[in-house]
Amino acid sequence: MITIIITSFGFVFMQLATLLQTYRAKLNRHCQRPQLEAPLLVAEYIAAGIGMAKWYERHNNPLLQELYLKNTLSELLEQIADPLVDTAIRKQCMDQLFKPLLALKRFYKQHHTSSQQFLKLQRDACQTCQQFNPFY
């Protein structure tokens with residue numbers, strides 16, 4: 001459920017932004033049943049981040065749209081690189097990394113003529129996944 005309150009100055013408060021903070025805190029903790037909770041937890045976090053980006057896309061704010069997409073990607077990469085995070089969460093972050101990458105590819109294709117920024121993000125994601133792969 002998304003609650004939107006627009007103040008007199010045009011600031012927008014969204015309950016979904018709070019939801020992103022909640023997922024980020026959950027991603028940082030150890031799951032009680034990581035094999036069962038990890039896929040849904042990571043998928044919900046990604047869906048919340050992409051949902052925020054879509055909301056800003058509908059309201060013609062490409063800067064915040066890009067910010068939420070990049071934050072979602074960087075949070076997944078941080079979870080992959082953190083050896084203290086449960087292996088099941090790290091694996092799910094690696095498996096579902098394509099979702100924010102595809103959203104960023106679509107964003108850069110729409111808003112920029114050059115794909116250099118996307119290629120840099122993609123290269124960084126590949127390097128992080130190869131360097132911190134928990135299954136070597």
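Helices here are DSSP runs of H or I with at least four residues, strands are runs of E with at least two, and both are numbered from the N terminus. On that basis, the chain holds six helices and two strands. Starting at the N terminus, the order of elements is β-β-α-α-α-α-α-α.

Before going further, a word on what you're looking at: this is a predicted model, where local features need pLDDT of at least 70 and side-chain atom pairs count only at pLDDT 80 or more, while totals for chains, interfaces and linings use all residues. Residues are numbered from 1 along each chain as its sequence is written, and side-chain values use heavy atoms, with hydrogens and water left out.

Now the chain as a whole. Of its 136 residues, 36% are buried, meaning under 20% relative accessible area (over 50% is exposed, in between is partly exposed; 1.4 Å probe, protein chains only). The chain exposes about 8400 Å², and carbon and sulfur atoms supply 58% of that; the areas come from the Shrake-Rupley method with a 1.4 Å probe. As for contacts (heavy atoms within 4.5 Å), take those between residues at least 6 apart in sequence: 63% of them join residues at least 24 apart.

For a single case of sequence distance versus space, go to Val 42, which sits in helix H2 (residues 34-58). Val 42 and Cys 93 are 51 residues apart in sequence, yet their C-alpha atoms are 6.4 Å apart. Val 42 is buried, at a relative accessible area of 0%.

Next up is helix H3, home of Gln 65. With 3% relative accessibility, Gln 65 counts as buried too. So what does Gln 65 touch, leaving aside neighbours within four places in sequence? Its contacts are Ala 53, Tyr 56, Glu 57, Phe 107 and His 111.

H3 also packs against another helix. Two packed helices are described by the angle between their axes and the distance between the axes. For H3 (residues 62-81) and H6 (residues 116-131), the angle is about 15° and the axes are 10 Å apart; axes are lines fitted to C-alpha atoms over the stretch in contact, with angles from 0 to 180 degrees between N-to-C directions. The two helices are therefore roughly parallel, since angles under 35 degrees get that label (over 145 is roughly antiparallel, 65 to 115 roughly perpendicular, the rest oblique). On the H3 side, Lys 70, Leu 73, Leu 77, Ile 80 and Ala 81 meet Leu 121, Ala 125, Thr 128 and Cys 129 of H6.
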